Amino acid sequence: MENNSSETLGSKGLINKHEFIRIILQSLYSLGYTKTASLLESESGVSYKSNEFQLLESHVLNGNWEACVTFLNSITEILGESVESALFLVFRQTVMEYLKRGEDGLALDVLRKRVSALRVDRFKVHSLANSVVNLNDEVVEGDLRGKLLMDLEKLLPPPISIPDGRLEHLVETTVTAWVDSCLYHSSLNPVSLYEDHSCGRDHFPTTTTQILTGHKNEVWFVQFSNSGDYLASSSNDCTAIIWKVQEDGKLTLKHTLSGHQRAVSFVAWSPDDTKLLTCGNIEVLKLWDVETGTCKHTFGNDGFVVSSCAWFPNSTQFVCGSFDPEKGICMWDCDGNELRAWRGMRMPKVVDLTVTPDGEYLISIFLDKEIRILHLATNAERVISEEHPITSISVSADGKFFIVNLNSQEIHMWDVAGTWKNPLRYTGHKQCKYVIRSCFGGSDSTFIASGSENSEVYIWNSRSSKPIEVLSGHSLTVNCVSWNPKRPQMLASASDDHTIRIWGPSL
């Protein structure tokens, strides 16, 4: 094994200089800067390839297969279980070259006596045997020795070989640690390597930048569109409003949607943002064209009392839940055709529901305390029982997690896959008797925001159970919040004080 220099770098003397230079050389070669890498090798006296690998390389390029086998067997203790895979690669190359020279008997001999003794994937062995039997010329074309070297290099451990992309991995690990330790990180831009990263509070949405006063009664719901170009709101004044987000971040009224006979409690954007669903409170569901503001269809005239709804990724189908146990959950297309339904005597009333962004799971809140996660393709169902009534549900942008608001003044986060035995818990806000809604936000759904009955907005970094910000400004209960998916520094909140507040950085 090569004798690396013990000379170190860094203020704490923790970096081995020889290893540091080898990793830089690997990066230069992988980036295509071969002349620069060669000069660095010459000037530093450090070779990218270890002495051991250079010896193996010589054996491979010269076709000295027995020497290759001897070398690999000599480092069995270092290679561990990988030695079998490495030997298979060498024997496979030997077989291929025998076949190429027409020495079929020697190829068969290696296959029977040496390859068959290895503990490797039988499929690989059978594939190689098939090449011998069928004399497949395709498998012996090209620079197979060069490919063999690359394959062996991936199996050989440090310091004989360096794992692929080692420098990039080290830098990425550091950047990830910076981001994970940054309470306010919400930028979609790459992190600069020039200095240690830390986002300041002044880049976070903590300041009211605009107050929207288009509603004449309590505002119950807000949701930004998937593109971040629009905001939809709904109110106890029986209307919904579509707001346009301008380039400068200001919002202007685009359409007021009228037609419901009761308060509008819920809205849902189609994934392509061309359509909007609005739910009347214990009333019908309406489908609107976003560009024109016209109602395209009304659902529920047959007595289907809608409580909530969610779109599928194709923007042509959606599901609705009902407070009426006999109605259950219904899947419709935009023309009003019922495509699928979940009904029955055991079906309790649906409080809220959502569909994961990939359309794979339907997550529903039943009987106030029960969460059902249905895999739509297989009908496999998982049930989570909470101890306190749930008022709302929201799913993360990547579809891996969801949060529920409980009237016990806690928000719980669960994983959709079902690997967690217990949820992550977030506390600090006030919720006892009203429907309060929360949301994910920031880059990679890093943050959770929620309304509160004490007229404030609460924000948590998802890694911490205590809020990092409490935003004051509303005068009555904050019912719902929504984080702009494309502008991580923009947050909206809806309140019983008849207003919507837009929050942005203090800069």
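Before I start, one definition: UniProt positions are given in the numbering used here, and its annotations may be inferred rather than shown by experiment. Also, please keep in mind that what we have on screen is a predicted model.

Hello everyone! Let's begin with the annotation. UniProt, in an unreviewed entry, puts a "domain: CTLH" feature at residues 49-106. What is the helix and strand content over residues 49-106? That stretch comes out as 81% helix and 0% strand, with 33 Å between its end C-alpha atoms.

Now to the pockets. The largest pocket has a volume of about 1200 Å³. It is lined by 47 residues, and those closest to its centre are Q223, N226, S394, V395 and A397. Which elements give two or more residues to that lining? They are strands, spread along the chain: β4 (219-224), β8 (264-269), β12 (306-311), β16 (350-355), β20 (390-395), β24 (438-441) and β28 (478-483). By class, the lining of this largest pocket has 27 nonpolar, 15 polar and 5 charged residues.

On to the second largest pocket, with a volume of about 550 Å³. Here 21 residues form the lining, and N281, T391, Y434, V435 and R437 are the closest to the centre. β8 and β20 each supply at least two residues of this lining, and both strands also give two or more to the largest pocket. How many nonpolar, polar and charged residues line the second largest pocket? The lining has 9 nonpolar, 6 polar and 6 charged residues.

That's my tour, thanks for listening!

Terms used
Residues are numbered from 1 along each chain as its sequence is written. This is a predicted model: local features need pLDDT of at least 70, side-chain atom pairs count only at pLDDT 80 or more; totals for chains, interfaces and linings use all residues. Side-chain values use heavy atoms; hydrogens and water are left out. On a 1 Å grid over the protein atoms alone, a cavity is a set of points where a 1.4 Å probe fits but cannot get out, and a pocket is an open set with protein on both sides within 12 Å along at least five of seven lines; lining residues have an atom within 4 Å of a point. Grid points are joined across faces, edges and corners, and a volume is the space filled by probe spheres set on the points. Helices (H or I, at least four residues) and strands (E, at least two) are DSSP runs, numbered from the N terminus. Ala, Val, Leu, Ile, Met, Phe, Trp, Tyr, Cys and Pro count as nonpolar, Asp, Glu, Lys and Arg as charged, and the others, Gly among them, as polar.
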